[in-house]
Structure formats: structure tokens, C-alpha cells
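Student: I would like a close look at a single part of this protein, with the reasoning spelled out as you go. Could you take me through the aromatic residues and then through whatever surrounds them?

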Amino acid sequence: MNLNKVLLSAATVVGFTAATAAVANADTVTVNAGDTLSHIALRNNTTVEALQQLNNLENINLIFPGQKIEVNGQAQTVEQAPVVATQPAQTTQTTQADQAQQVAQAQAQAAVEAQQAAQAQAQAAAQAQAAAQQAAQAAAVQQAAQGQSYTATPQQTTNTTGNGDEAAVREWIAGKESGGSYTVTNGQYIGKYQLSASYLNGDYSAENQERVANNYVSSRYGSWTNAKQHWLQNGWY
């Protein structure tokens, strides 16, 4: 029995464990996919130059699968072991990474929604405070329209300044609100005491601003001193 055939049969039995090589005398080989002339020369114990001359090749880098190449020496045929498809090791890691990314995105979205809710609550509180201030001013204007007026002797207060100087306190509030200017405007708030335009009823004169401001403070706080204390605590009166 030919030794080469024995080796080939043994390689068939081994099968999946390793690639098996068999050596056979050959004058011509067939180009396989991925072959280069240098590979063919190495397998057949010859040189690229010898193959180029023997086969009249103009370009040693241009050979094709299925092409016949004449060689001298021994031709070595290589049988590749079957490739067993396996599950990529990265599949599980990729799935875990995707899940972690989804969790992170959900947490980020929850944080954004919580921030938006906090901003909405803060805005609602500010609106409620502004509405309360407007309501108080409206009540003062209504009382002024009913004939109530500011009196020089204030009602009993919790004044802690000790000087009782209502005029000085009134000027202090005016300075904080407008810098003491009768013409300063801020949206709907007008004049020295930043009263709502609706309270002034279209009369923005200094006399009307003083009268409405006195009536508003008297009806709501009892005195300018009390109004100042409220301003110090809340930033408005």
C-alpha cells in the first residue's frame, strides 16, 4: 500500500483534532483561494523566480483560484481541520452592557423628571406668593375706595426699632422698592412704592401714590414699621 494513502487515511480518522499534511509527487498544482506564489513555492521546495520562469508569469502577484501552476520538487497538500462554530464569548457581556446602559438611561430620565417637578413646585409657590400680595393690595385699594384713609397715629404695632419714625420707615421701603422714584415701572408695578397699576386706577401722580400706599399699609400691616418687618422677612411688603 502506498505510504501517502496510509497517511491520508489516518488523517481522515483523526478528523477534527488537527490539520493533516500529505506529501505527493506533483508537477502541477492548482491555486486555492488565498494562495500566493510565494506560498506555492514554499510548499514545493522551489522559488518564486523559478515558478515565474517555468509558468511565464508576467505578474507574480496575479494568480487566480483554479489556475494550474507547474512546479518542480515535492507538492505538499494541506487538509484543514473542520471549523466548529461556537457561540461568541462577547454575547453575554454585550447583553449585560446593554442592560446597564438602559438602567442608567432610566435613572437619568427619573432625575430630569424630579428636577422638573421641583421647578414646577417652586414656580407654583412664587405664583401663590404674588397672588397673595396682589390680593392684599386689592383689599387696601377697596378700603381706600370706601373712604378709609391713613391716619397720622398708627395702630398698635410690634415695632422693635424704638424710634417710632413712620416717615423714615416709609422712605426705607420706598428706597428698596424703587430707589424713591415715582416714575419707576416694573411690569404692572408702578412708582415709588411699586403698587399695582390697577390700584392706582390710572392716576400715577405722586399724591395718589402716597395716598394709596398709606391706605394699603395701614389696612394690611397697621403701620409702616410692621410692613418693614414683613419686607425684611420676605423681600416684599
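Tutor: Let us begin with the aromatic cluster, which is formed by Tyr193, Tyr216, Tyr221, Trp224 and Tyr237. Please keep in mind throughout that this is a predicted model. Across the whole structure, a search finds five aromatic pairs, and two of them deserve a careful description.

A pair of aromatic rings is described by the distance of the centres and the angle of the planes. For Tyr216 and Tyr237, the ring centres are 5.6 Å apart and the planes stand at 65 degrees, so this pair counts as edge-to-face, the cut-off for that class being over 60 degrees. Tyr216 belongs to helix H7, whereas Tyr237 sits in the segment after H8, so that the pair links distant parts of the chain, 21 residues apart. Both Tyr216 and Tyr237 are buried.

Tyr237 also forms an aromatic pair with Trp224, and here the arrangement is tilted, with 6.2 Å from centre to centre and 35 degrees between the planes. Because Trp224 lies in helix H8 and Tyr237 in the segment after H8, this pair ties together parts of the chain that are 13 residues apart in sequence. How buried are the two partners, in terms of relative accessible area? The value is 0% for Trp224, which is therefore buried, and 1% for Tyr237, which is buried as well.

The same region can be viewed through its nonpolar packing. The largest nonpolar core has 18 residues, and those with the most contacts inside it are Tyr193, Leu195, Val217, Tyr221, Trp224 and Tyr237. At least two residues of this core come from each of four helices, namely H5 (166–178), H6 (197–200), H7 (206–220) and H8 (224–234), and H7 gives the most, with four residues. A second core, separate from this one, has eleven residues, including Val31, Leu37, Ile40 and Ile69.

Turning to H8 itself, the buried residues of this helix are Trp224, Thr225, Asn226, Ala227, His230 and Trp231, and the buried residues of H8 pack against H5 and H7. Lys228 lies over the face of Trp172, at 4.6 Å from the ring centre. The residue that follows H8 is Gly235, whose phi is positive, near 85 degrees.

Helix H7 also holds a charged residue that merits attention, Glu210. Is Glu210 buried or exposed? With a relative accessible area of 18%, Glu210 is buried, since the cut-off for that term is under 20%. The side chain of Glu210 makes a polar contact of 2.6 Å with the side chain of Tyr182. If its neighbours within four places in sequence are left aside, Glu210 is in contact with Arg170, Tyr182, Lys192 and Tyr193, and Tyr193 is also a member of the aromatic cluster described at the start.

Finally, there is a sheet to add to the picture. This open sheet has three strands in the order E5-E6-E7, with antiparallel pairing, and its edge strands, E5 (185–186) and E7 (195–196), each pair on one side only. E5 and E6 (residues 189–190) run antiparallel and are joined by two bridges, and Asn186 has Tyr189 in E6 as its bridge partner.

Notes:
Residues are numbered from 1 along each chain as its sequence is written. This is a predicted model: local features need pLDDT of at least 70, side-chain atom pairs count only at pLDDT 80 or more; totals for chains, interfaces and linings use all residues. Side-chain values use heavy atoms; hydrogens and water are left out. A nonpolar core is a set of buried Ala, Val, Leu, Ile, Met, Phe, Trp, Tyr and Cys residues joined through side-chain atoms within 4.5 Å. Buried means under 20% relative accessible area, exposed over 50%, partly exposed in between (1.4 Å probe, protein chains only). A polar contact is a pair of N or O atoms within 3.5 Å; within protein, one must be able to donate a hydrogen and the other to accept it, and residues adjacent in sequence count only if both atoms are side-chain atoms. Contact means heavy atoms within 4.5 Å. Two strands pair if DSSP finds at least two bridges between them. Rings of Phe, Tyr and Trp (its six-membered ring) pair if their centres lie within 6.5 Å; planes under 30 degrees apart count as stacked, over 60 as edge-to-face and the rest as tilted. A charge sits over a ring if NZ of Lys or CZ of Arg is within 6 Å of the ring centre and within 35 degrees of the ring normal.
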